[in-house]
Amino acid sequence: MFPDAPVPKSGSPSPASLSFVSNLLQWFNSLKLQHKIGWSMGLVASVTIVGMTTGWGIAEVHLNRAKAEIAESEAEHHMLNELQAKLLKMHLHQKGSILTLNNISQWKSVYDIFLADRNQFDASWATYIATHGIVEGDTSSDQQEQQLIESLKASYETLSTDLDTLTVKLNQVDLVQLSDSQRQALQAELTRFNNEALRQDAYQVLSLVQQLSDIEEIKLKEAKIALNQADVLRTIMLATSAIASIAIAFLLLSLLSRKISASVEKAAAIAEEVIETANFDLQVPVTSTDEIGQLSLSLNRLIIQVNQLLQQAQAKTESLEQALSEIQATQSVLLQSEKMSALGQMVAGIAHEINNPVTFIHGNLEHLNDYVQNLCHALEIYQQHCTELPPSTVQALKDIDVDYLIQDIGNIVKSMRMGTHRICDIVLALRNFSRLDEAEIKCVNIHDGIDSTLIILAHRLKANNHHPEIQIIKHYDNLPQVECYAGQLNQVFMNILSNAIDALEEGNKNRTYQEIVSHPNQINIYTEVVDHNQVKIRIQDNGPGIPEPIIGKLFDPFFTTKDVGKGTGLGLSISYKIVTEKHRGTLHCYSKPAQGTEFVVQLPIYQSQNQISRSIAAALKYKTARV
């Protein structure tokens with residue numbers, strides 16, 4: 001009945017905690033409404049008790065900590081004051097032991113008191129170092145106290161050394177045996193030593209002790225403030241626990257009542273919307289197994305049953321639409337295939353009809369060339385032996401320009417021979433492209449099919465006023481004869497190469513003639529043998545490329561990016577079917593914008609099963625030989 005708590009972003013909960021929460025929510029949702037209310041009140045009471053107990057415990061911890069800090073600060077402050085007092089007392093009697101050197105009886109008692117004071121001072125110092133000589137922490141006051149204690153230790157060592165020097169001097173002399181002048185000299189020496197060393201050492205130690213005492217006073221004040229804050233914190237914790245308990249109780253009751261009313265309103269609203277809009281996809285959310293959940297489940301079952309009937313009807317409609325679409329696509333493909341078949345027959349017929357007269361012309365050109373050469377030779381002989389001609393004949397020969405005619409006749413015959421050779425190549429390319437004079441499936445040279453296609457497309461590759469010649473760069477490997485449907489495979493090459501030329505022409509629209517010359521249009525054709533039983537043909541252009549969303553649609557029927565009237569969207573679709581279905585191969589397209597496009601055709605070398613078995617055996621034999 002309660003909304004799921006959001007998962008914190010800082011970390012992911014463990015599977016055990018998720019399972020526990022899931023089981024707890026499942027158990028709570030299975031309760032009746034009255035049991036949910038009772039458990040909610042129990043939760044509120046538990047939160048109140050736990051909250052107040054926890055708040056009291058936390059506050060007591062802070063109070064005890066503050067009291068301990070106060071006691072520690074007071075003890076250290078007392079010890080520093082005692083150390084300061086004993087130092088002053090020792091320094092006073094130490095100075096008195098120098099001033100009373102002239103009165104031996106009085107000096108003895110003062111010196112003994114000085115020694116006793118020093119022992120007491122050393123004992124207090126040892127106690128202070130043992131109990132408070134090590135300060136832990138990294139706060140600024142702790143670091144300052146650590147530095148002061150280190151300085152105090154050094155000053156104490158210096159003071160102890162000077163005091164030892166004083167006692168050694170006093171113990172080494174017998175004052176009774178000294179004369180008045182000797183005692184006065186000793187007193188002057190010790191007074192100077194006291195003023196120059198002992199007094200400065202004592203003042204240095206007193207100054208450091210006073211600084212430590214000041215720090216302890218500050219700590220004592222801070223500890224008392226912390227004690228007051230802890231007392232206030234305890235009051236705040238108790239008040240906060242009480243307020244939080246009340247807020248949680250109000251929140252739980254509010255959520256519970258809102259959930260109940262929202263579930264009922266949601267079920268009623270969805271039922272009303274289903275009735276009005278006939279939208280049977282709507283479902284009433286079921287979040288519990290109580291009375292409201294049972295009502296929601298019953299309503300959902302009714303909606304689901306009606307929705308299933310609608311889905312069945314929709315599925316039948318979609319099936320009919322898909323069948324109609326497939327029929328239309330098949331019809332278009334068959335129509336296109338029929339057009340290509342008729343075109344191939346027409347091309348083969350035209351090539352046959354052209355081939356006969358061209359062969360006749362080409363064969364007679366050799367005889368014509370011989371006859372013309374003989375006539376020219378006869379004319380040269382005639383000119384050599386006819387030295388005198390009438391003026392009118394000489395003028396007529398000059399007007400005819402016989403020498404130029406003799407020279408140009410050879411060029412004309414040569415041009416006619418080149419033209420007939422060109423026509424023969426085109427006729428042969430047309431016959432190779434159509435392949436109507438061969439069996440339906442046959443072993444052919446893939447390179448011949450590609451070259452025939454390029455000859456047919458030569459008029460689109462030549463230079464014109466808009467762009468220079470499109471460069472065809474062939475990277476042919478030594479391929480074996482490939483068993484295939486030659487005519488259909490040539491149709492694949494025709495579609496791919498035509499699309500490459502279209503892409504280059506489209507990219508040239510945004511470039512000047514000089515820019516195209518500096519970066520010429522190129523189509524690279526690669527062929528290679530793969531795994532000893534397949535051939536791969538890659539046709540790559542350096543055009544503008546194809547955007548990523550369009551690549552996945554290239555082989556769909558009727559999909560085209562060309563303008564209306566320039567493409568039917570069937571060329572690549574038919575090519576894909578020819579490669580994949582007819583030849584059991586693969587056809588892929590790889591492209592990136594501004595980096596060109598590459599079509600990769602991969603075909604098995606043999607289509608029949610016996611040939612495939614031989615190919616596999618040859619490949620295994622090759623690998624075994626290498627091992």
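Select Asn495 to begin: Asn495 is buried, because its relative accessible area is 18% and buried means under 20%. Keep in mind that this is a predicted model. Asn495 belongs to helix H11, which covers residues 486–508. Now show what Asn495 touches. Leaving out residues up to four places away in sequence, the contacts are Gly571 and Ser575.

**Zoom out to the chain**

Show the whole chain as a cartoon. There are 15 helices and seven strands to find. The chain has 627 residues, and buried ones make up 32% of them. Next, think about contacts between residues at least 6 apart in sequence. Of these, 73% join residues at least 24 apart. Turn on the surface too. The chain exposes about 38100 Å². Carbon and sulfur atoms supply 58% of that exposed area.

**Strands E4 and E5**

Select residues 522–530, which form strand E4. Add residues 534–541, which are strand E5. E4 and E5 pair in the antiparallel sense, over eight bridges. Find Thr527, then look across to Ile537 in E5, which stands opposite. Now go to the hairpin of E4 and E5. Three residues lie between the strands. One residue to click here is Asp531, which takes a positive phi near 60°.

Which face of E5 is covered, and which is uncovered? Show the side chains to see. Val535, Ile537, Ile539 and Asp541 make up the covered face. Gln534, Lys536, Arg538 and Gln540 make up the uncovered face.

**Strand E7**

Next, select residues 597–604, strand E7. How many of the eight residues of E7 are buried? Eight of the eight are, so E7 is largely enclosed by the rest of the structure. Look at one side of E7 and you meet Thr597, Phe599, Val601 and Leu603. Turn to the other side for Glu598, Val600, Gln602 and Pro604. Both faces are covered.

Bring E5 back into view. E5 and E7 pair in the antiparallel sense over eight bridges. Click Gln534: its bridge partner in E7 is Pro604. Then return to Ile537. In E7, Ile537 stands opposite Val601, while Thr527 stands opposite Ile537.

**Strand E6**

Select residues 586–591, strand E6. E6 runs antiparallel to E7, and six bridges join them. Pick His588 and find Val600 in E7 opposite. Follow the chain through the hairpin that E6 and E7 form, with five residues between them. In the turn, stop at Ala594, which has a positive phi of about 70°.

**A cavity among the helices**

Last stop: empty space. Rolling a probe the size of a water molecule over the atoms shows where such space is left. The structure holds two cavities of 30 Å³ or more. Go to the second largest, with a volume of about 30 Å³. To find its lining, select Leu87, Met90, His91, Gln94, Leu159, Leu163, Leu198 and Ala202. Which elements give two or more residues to this lining? Color helix H2 (33–99), helix H4 (140–172) and helix H5 (180–277). H2 gives the largest share, four residues. Finally, color the lining of this second largest cavity by class. Six residues are nonpolar and two are polar. No charged residues line this cavity.

Definitions and conventions. Residues are numbered from 1 along each chain as its sequence is written. This is a predicted model: local features need pLDDT of at least 70, side-chain atom pairs count only at pLDDT 80 or more; totals for chains, interfaces and linings use all residues. Side-chain values use heavy atoms; hydrogens and water are left out. Buried means under 20% relative accessible area, exposed over 50%, partly exposed in between (1.4 Å probe, protein chains only). Two strands pair if DSSP finds at least two bridges between them. On a 1 Å grid over the protein atoms alone, a cavity is a set of points where a 1.4 Å probe fits but cannot get out, and a pocket is an open set with protein on both sides within 12 Å along at least five of seven lines; lining residues have an atom within 4 Å of a point. Grid points are joined across faces, edges and corners, and a volume is the space filled by probe spheres set on the points. Ala, Val, Leu, Ile, Met, Phe, Trp, Tyr, Cys and Pro count as nonpolar, Asp, Glu, Lys and Arg as charged, and the others, Gly among them, as polar. Contact means heavy atoms within 4.5 Å. Accessible areas come from the Shrake-Rupley method with a 1.4 Å probe; for residues, only the protein chains shown count as cover.
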